[in-house]
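Colleague: I'm new to reading structures, and this one looks like a lot to take in. Please pick a single part, look at it closely, and then show me how to find my way out from there.

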Amino acid sequence: MTPASAAALSVPPAAPASRCDPVTLEIVRGAIRAVQAEMEALIERTAISAFIREKKDFYTALFDADGVMAVGSMVPVFGDMTSPVFASFPKETMHPGDLYWYNDCYGSRGAVSHSNDQVLIAPIFHEGRRCAFVMCWAHFADIGGIRPGSISPDATDIYQEGIIIPPTKLIDRGAVNEATLTIFHRNSRFPDQSRGDLRALMGAVELGVRRVGELVGRFGADVMEDALAQLLERTRKLVRTKLAETFPVGTHSFTDAIDGDGHGSGPLKLRFSLTHDKAPGGEDRFVFDATATDDQSVGPVNFLMNPGVPGMALGLYFLGGDPGQVCNAGGPQALDEIRLREGSLLWPKFPASLGMRGLTMMRVLAGINGLVNAAGGGAPAAHSAYVITIMRGTYTNAKGEKDRFLLADGLGVGYGARPFADGIDTVYFVAQENYPVEFLEIGYPVRLLEYGVVTDSGGAGRWRGGCGVVREYEILADEALMALRIDCVTNPPWGMAGGMSGGPGRAYVNKGTPNERQLKPLSDGNVLKKGDILRIETGGGGGYGHPHDRPPALVLADVEGGFVTVEAARRIYGVAVVDHAVDEAATARLRSDRYPVKAFHRNEYVDALS
Amino acid sequence: MPSPEGARHVVAVDIGGTFTDIALLDTASGHVWRAKTPSVPSDPSQAFMTGVGLAMEKAGIGAADVGRVLHGTTIATNMILEGKGASTALVTTRGFRHVLTIGRQDIPRKANLYSWVKPERPVPAARVLEVSERIAAGGAVLEPLDEATVVAAAADLKRLGVQAVAVCLLHSFANPEHELRVTAMLRDALPGVAVTSSVDVQPVVREYERSLATVLNAGVMPGVSTYIGRLETRLTEAGVDAPLLLMQSNGGVAGAKTIRRAPALTALSGPAAGVVGARDVAAACGISDIITVDIGGTSADICLIKDGQIGLTQRGQVGEWPLPLPMVDMVTIGAGGGSIARIVDGALNVGPMSAGARPGPACYGHGGTEPTVTDAHVALGTLPDRLLGGAMTLDVEKARSAVMDKVARPLGLSLQDAARGILAIVDSHMVGAMRVVSVERGHDPRDFTLVPFGGAGPLHGCSLAELLSIPRVMIPPAPGVLCADGLLAADLRAEFSRTLPVAGAVDVAEIEAIYTDLAAQAVAWFDAEEVGADARTTTRVTMMRYKGQGGELAIAWAGSREAAEAAFSAAHEALYGFTLEAPIEVVTLRVEAVGQMPQPEKIELGKGSGATPTGRRPVHLATGVAEVPVYERAELGAGDAFAGPAIVMQLDATTFVAPGWRCSVHASGALLLTHDA
C-alpha cells in the first residue's frame with residue numbers, strides 16, 4: 001500500500017469581507033499560543049502520573065474546521081490527527097459538547113505511533129457552525145500489556161502493548177460514555193494514575209474548547225476561518241520556497257540506520273530520497289520516497305510513520321528560530337507526494353509491535369537532516385536517540401509493607417552540531433524534562449550516585465556535537481525487572497564536513513566489581529536486586545567541521561568543564577592543555593599535522609553513508 | 001509606620017539608567033514633593049544623596065525629619081542581564097557537577113530544536129566543585145560531610161579567583177546541616193568572598209532550579225551588598241537616621257537586611273515600583289485594564305494589568321534564566337531615550353546600545369556625539385530645549401548635527417526624515433514587546449488604556465497607541481517619577497513558608513503548630529521592620545493538591561479538615577472544571593505578612609478655566625512644520641481640554657499630544673488622551 005500524499009491544500013477564503021487583517025491575524029496567532037499554554041499548564045498541574053506532570057510528555061494543537069492542523073506544537077513527529085476520527089464519525093455529524101478519543105496506531109495510520117499515547121479531540125462550534133478542533137495528547141504510564149509500563153523490548157505484536165482504543169466518542173453532547181472509561185482504567189495496572197491523567201486531559205480539552213470559542217466569538221467565524229487558512233498558507237509557502245532553494249532539481253538520497261530490533265536483526269537501514277522536478281507548467285514538485293527502507297522487524301522498533309511526518313520535520317527545520325512562524329500542516333502540504341512501502345520498518349503490517357519506535361523516529365529525523373545535508377543544506381549532524389529505562393518491581397515502604405512501583409526514566413543525549421553552533425548537550429527532546437534527582441529519590445526506591453555528562457561523547461569538530469549523560473542508580477527496591485532502550489551503539493550518530501561521529505551509549509550493572517555485567521542496549525528482563533548499581537551512559541551528537549578548526553579557547557573550556565579529556569584535546573583537536581591553560585607552542589606543532597577528512601564520519605571518514 | 005517623633009517624612013528614590021527620581025511624602029499632610037537628577041552610573045549612591053538633598057530642600061525639612069527611606073534599584077537586574085555579576089562558583093554534592101549544564105534536560109517547549117542553542121550557564125562547569133557528603137530524601141544523613149573535601153574545594157576556589165560562591169547540596173531543603181557547614185567553612189577560608197547557601201534563597205525541592213537561584217543570588221550579592229553599604233553610609237553622613245527599605249520584584253518592599261541576604265529578590269525592583277505606581281494612578285481615574293510602558297534612558301519595561309490586578313509569577317525569568325522567586329510578570333527590552341542610532345550594513349539600527357547618563361545623548365552636551373532617540377525628538381522639536389524646569393538645557397545644534405552626520409547624510413535623508421526614522425524604529429521595538437504581553441497572551445490591546453511613563457514615555461504614547469490601534473492613552477500626573485511614587489504606594493511584604501517533610505492529609509494539630517511558628521516569624525519580622533500593630537496583616541495560606549499532582553492550589557486556611565478539603569475542591573472545580581475522587585494532601589504552609597504604609601493624599605485638581613497655551617514652538621510634523629501650542633501642566637485644571645498637536649511641559653517629563661488626538665485633564669491630575677477616529 002502506498003499512502004496517498006498529504007491532505008489536500010487548504011481552500012482559499014471566499015469573500016474579501018471575511019478576510020482577517022494582518023493585525024487581527026497576529027492577535028489570533030498569539031491568542032492560540034496563549035490557549036495552548038493554558039491547556040498545557042492545566043495538564044502539568046493536575047495530571048497524576050510523573051510521566052505527564054514531571055517529564056511533561058504531552059502536546060496540544062488546534063485544527064481548522066476541516067481538521068487540518070493550523071497551530072501545532074514544535075515537535076516534528078505529528079501527522080494527520082483528525083482524519084482517523086472522521087473515518088468513524090463524519091465531521092458533519094458532530095455536535096457541540098462532543099469529545100473523541102483514540103490510541104489506535106494502525107487505525108489512525110500512525111497518527112499515534114505507540115498505544116501509550118492517548119489522543120483527545122473536540123470540535124468547536126460557534127452559532128451552530130463548526131469552526132475548529134482542539135487536541136490534547138499525552139503518554140499514559142500503563143495501559144496494560146506484557147509488562148508494567150506497557151512498552152517492552154520483548155513485545156512482538158501490538159496486542160502485547162496494552163489496550164487499543166479505536167476512535168471512540170467519549171462524550172456525546174455532554175454525556176460521558178462512562179463504560180469506556182471503566183473498561184480502560186480496569187486495564188491499567190495503575191488505575192489511579194490513569195483516571196487522574198485522563199481527567200486532566202479532558203479538563204484541558206474542555207478549556208481549549210471554551211477559550212477558542214471565545215476567540216471565535218470575538219472575531220467571527222469567517223475571520224477565524226481565514227486566519228487559520230492564512231497561517232497554513234504562510235507555512236506552506238515558506239516551506240516550498242525553502243525546499244526549492246535547498247534541493248536542486250533531481251533526486252537526493254541519504255541512508256541512515258538503527259542498530260537493530262533487539263530480537264537478532266540489524267542494522268536496519270532507513271533509505272530516503274527526495275526528488276525535485278518541474279511540472280510542465282514550471283511548477284515545483286517534491287516527492288519524498290522511503291520505499292527502499294528495510295523490512296519490518298519482529299521487535300517493537302517499527303515506526304508506523306504517518307505520511308505527514310517527513311513534511312512536518314522538514315517544515316520545522318525550515319521555519320528555524322523565527323518566533324513569528326507556526327509549525328502546522330503547511331509543512332506536510334508542501335510535499336506533493338509521500339511514498340512508503342507496506343511491510344517496511346516505516347509502514348509495518350498489522351499487528352507488528354511498535355512500542356519502542358522512539359529510537360526509529362529519532363533516526364528518521366537524523367536521516368532527514370542527512371537528506372538536507374547531502375543536497376548541500378545546513379541541517380544539524382546526527383543526534384543520538386534519547387534513552388529510556390523502565391523499572392518495575394517491589395519495595396518495602398515506610399510502614400514495612402511491600403509495595404510495587406513503576407519508574408520510566410528518560411535520559412538525555414547529545415544532539416548534532418550545526419554549521420553555526422555546537423550540538424545541544426544532554427537533552428531528551430522538545431518539551432520533555434527529566435526527573436530531578438531530589439524528585440526521583442522522594443518518590444521512587446532508587447538513589448542516584450551520579451548524574452553528569454559523558455566526557456568525550458560529543459563528536460569532535462569545529463562545532464562539537466552535544467555530550468550524552470551518565471546516570472548511576474543504586475537500587476533500593478527489593479527487586480526490579482528492567483527494560484532498556486539505547487540505540488546508536490554500533491551505528492553512532494554521524495558527523496559531517498570533517499566533524500566526527502558522537503560517542504555510543506552503554507549500560508552496566510555493578511561496573512568495576514567482580515559482579516560487573518554489561519546490558520544489551522535494547523533488552524528487557526534485566527533483573528536488578530537491592531544494592532545493585534546500574535550505570536547508564538548515553539550517546540553524543542555528531543560534530544561539524546574539522547576538529548583542528550575549533551578555537552583552542554573553546555577546547556580548553558571543554559576540558560576544564562569535563563566535556564573533553566586532555567588526551568582527546570591533544571589527539572583529536574590538536575590542542576595541548578597543560579595546567580588549566582593552552583600550551584600555544586605545542587598546539588601549533590600538533591595542528592601543523594592536519595589529518596585529512598571526508599564528507600561524513602561514522603567511526604571513520606567516508607564520502608557517503610550507505 | 002512608626003518613626004521617631006517628628007520624623008514623619010518618607011523619601012522614595014528610584015534610580016534608573018539615566019535619571020534618579022525622588023518623591024518625598026509628608027505622612028501627616030499627605031503632600032508629595034518631587035525631584036529629578038541625572039544618575040551617576042559609576043556611583044549610583046551619589047545621585048541618590050543629591051536627589052534626597054534636593055527633595056528635602058524643596059520640602060523645607062531637615063535630615064532628622066526623615067523617618068523612612070524607600071528605594072527601587074535595577075542594580076541586581078543589570079548585573080544578571082549583562083553578565084556583570086561577580087565571578088561565581090557553585091559547590092555541589094559529589095557526582096552532580098553538571099547540574100547546571102543538564103538543567104531540566106529539555107529543549108524548551110516553544111523552541112525550535114534545529115536552531116535552538118543552549119544558553120551559556122551563568123556558572124560554567126569549570127567553576128562547579130564537588131564535596132563528599134550525602135543527605136537522603138527526607139533529610140537523613142547518608143554520608144557525613146568529609147570536611148577535607150571542603151578544604152580542597154576552598155583551595156580550588158582560590159585558584160579560580162572567584163568573588164562569590166553558591167552552595168547548593170542535594171536535599172538541603174530537608175536538612176540544611178551539611179550545606180550550612182560548608183557555607184560556614186568556606187566563609188572562614190575565603191575572606192572577602194560572598195558565600196551564600198540555597199536554603200537562604202529558596203529552600204524548595206528540585207536541585208537545578210534551586211542551584212540556579214542560588215548562583216544568580218551569589219553573583220549579585222557582592223555588588224548589591226557594597227551598594228547598600230554605600231547608601232547607608234551616605235545616609236548616616238547626611239544625618240538621616242531612618243530604616244532603608246528596598247523594593248522587591250513582587251511589588252512589596254523589604255528591609256536592607258533581608259535584601260543583603262537574598263539580593264535576587266530585587267531582580268525587578270525598579271520596574272515593579274513603576275507598575276505599582278501606574279496601577280494606582282489608573283485606579284484614581286477609574287481605569288483597571290492598562291498596558292504600562294516605562295521608557296527610561298536605556299530600557300523599556302512593559303506590563304499588562306487586567307482588572308487592576310498586577311500579575312505575579314513564580315516562573316519568571318531574568319534574561320535566559322528561570323528565577324523561581326515571586327515577581328511581577330513583565331517584559332523588558334533594551335530601548336529607551338538614550339538608545340543610540342547607527343548605520344550597520346546600510347541599515348538604520350536603534351539600540352540596544354545606550355548613551356546612558358554619561359555621556360548621554362548629544363544634546364546633553366556632555367561629550368556625546370552619537371545620535372540617540374532623545375536627539376531625534378530634539379531635532380524634530382517635540383522635546384523642548386529646556387528640561388527639569390530649566391535646570392537642564394539641551395543643545396539643539398549638537399542634537400541636529402549628530403542626527404545629520406551619523407544618520408541623515410550617510411542614508412541620503414533629510415534631517416527630519418532621519419529623526420522620524422529613528423523614532424519609528426524604536427517605536428516598533430516597543431510595539432513588539434507590547435504584543436508579547438497582550439496579543440501573545442490572548443489580550444486585544446485595543447481593550448486597554450496605554451499608560452506611558454518614565455522620562456521618555458509620554459513622548460511616545462500617541463505613536464505607540466496608533467501602531468496598536470489603542471484608542472486611549474493616560475499620562476500619569478508625574479510620569480517621570482512614577483517609580484518613586486510607586487515606592488510610596490507599596491506595602492511591606494514578606495512570606496514565611498514551610499514545606500511539610502511528607503505531604504499528607506490535613507492534620508489540624510500539626511498545621512496549627514506550624515502556623516504558630518510561621519506567625520511568630522512574621523511577628524519578629526514586623527518588629528524588625530517597626531510596623532505598628534494596626535498596620536499589620538497576616539494571611540494563612542495552605543498549598544494543597546490531589547495526591548500525585550504536580551501543582552498545588554493556594555487556599556486560605558479554613559481551620560478544619562472538612563472546610564479545607566471543601567475549599568480545595570471548590571477551587572479545583574472553579575479553576576480546572578473538575579474534581580477527582582482522590583486523597584487531598586497538604587504540601588506547604590505559608591504566612592503572608594503585609595505591613596501597610598501610609599498612602600499619599602489623592603490629588604483633586606481644581607476646576608480648570610479653559611486651557612491656555614503659554615507659548616508656541618515649531619515642530620516638524622509628518623505634514624510639515626507647524627507652530628504647536630505649548631501648555632504648562634501645572635496650570636491645567638480639571639476638565640480642561642485641547643486638541644493635538646500640542647506639547648505639555650512639566651518638571652519631570654514632556655508629553656506630545658499628536659495630531660488626531662484630544663487631551664482632557666482628569667480631576668486626579670492625569671491627562672486622558674483619546675483618538676479622534
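Modeller: What follows starts at one contact between the chains and works outwards from there.

Keep in mind that this is a predicted model. Chain A has a mean pLDDT of 92, and 97% of its residues reach 70 or more. Be careful with residues 1-16 of chain A, though: the pLDDT there is below 50, even though this stretch has 33 contacts in the model beyond near neighbours in sequence.

Our starting point is Ser115(B), which you'll find in the loop between α3 and β6 (128-131) of chain B. Is Ser115(B) buried or exposed? It falls in between: Ser115(B) has 16 C-beta neighbours inside 10 Å, so it counts as partly exposed, given that buried needs 20 or more and exposed means 12 or fewer. Leaving out residues up to four places away in sequence, Ser115(B) touches Gly320(A) and Gly321(A). For a sense of scale inside its own chain, go to Ile422(B), 307 residues further along: the two C-alpha atoms are separated by 31 Å.

Now zoom out to the whole meeting place of the chains. On one side there are 47 residues of chain B, and they are in contact with 60 residues of chain A. Two elements of chain B, α3 (99-102) and α7 (207-237), each give two or more residues to this side. Sorted by class, the chain B side has 21 nonpolar, 14 polar and 12 charged residues.

Cross over to chain A by way of Gly320(A), one of the residues Ser115(B) touches. Gly320(A) follows helix α7(A) and has a positive phi, near 60°. The helix itself spans residues 309-319 of chain A, and 11 of its 11 residues are buried. Among them are Val309(A), Met312(A), Leu316(A), Tyr317(A) and Phe318(A). What hides them? The cover includes the helices α6 (221-246), α8 (330-334) and α9 (358-374) of chain A, together with the strands β10 (284-289) and β11 (337-339).

Elsewhere in chain A, there's an open sheet of 7 strands with antiparallel pairing, in the order β2-β1-β5-β4-β3-β6-β7. At its edges sit β2 (69-71) and β7 (175-176) of chain A, each pairing on one side only. Look at one pair in that sheet: β3 (99-102) and β4 (117-126) of chain A run antiparallel, joined over 3 bridges. In that pair, Tyr100(A) stands opposite Ile121(A) of β4(A). The loop between β3 and β4 of chain A holds Arg109(A), which isn't a glycine but still has a positive phi of about 50°. Arg109(A) counts as buried because it has 21 C-beta neighbours inside 10 Å. Another thing to spot in this chain is the cis peptide bond from Gly266(A) to Pro267(A), with omega near -5°; Pro267(A) lies in the loop between β8 (250-258) and β9 (268-278) of chain A.

Back in chain B, the secondary structure comes to 16 helices and 37 strands. Its 677 residues give a radius of gyration of 26 Å, which agrees with the value near 26 Å that a compact globule would have. Of those residues, 52% count as buried.

For a covered spot in chain B, try helix α14 (482-489), where 8 of 8 residues are buried. These include Leu482(B), Cys483(B), Asp485(B) and Leu488(B). Among the elements covering them are β1 (9-15), β4 (66-72), α9 (269-284) and β25 (449-453) of chain B.

Ser469(B) makes a nice contrast: it is exposed because just 12 other C-beta atoms lie within 10 Å. Ser469(B) sits in the loop between α13 (457-467) and β26 (472-475) of chain B, and its phi is positive, near 55°. Chain B has a cis peptide bond too, joining Gly644(B) and Pro645(B) with omega about 5°. You'll find Pro645(B) in the loop between β33 (641-643) and β34 (646-649) of chain B.

Note on methods. Residues numbered from 1 in each chain as written. Chains lettered and ligands numbered in written order. Predicted model: local features only at pLDDT ≥ 70, side-chain atom pairs only at ≥ 80, totals over all residues. Helix = DSSP H or I, 4+ residues; strand = E, 2+ residues; numbered from the N terminus. Contact = placed C-beta atoms within 7 Å. Nonpolar A, V, L, I, M, F, W, Y, C, P; charged D, E, K, R; others polar. Pairing = 2+ DSSP bridges. Rg over C-alpha atoms; globule rule 2.2 N^0.38 Å. pLDDT = per-residue confidence, 0-100.
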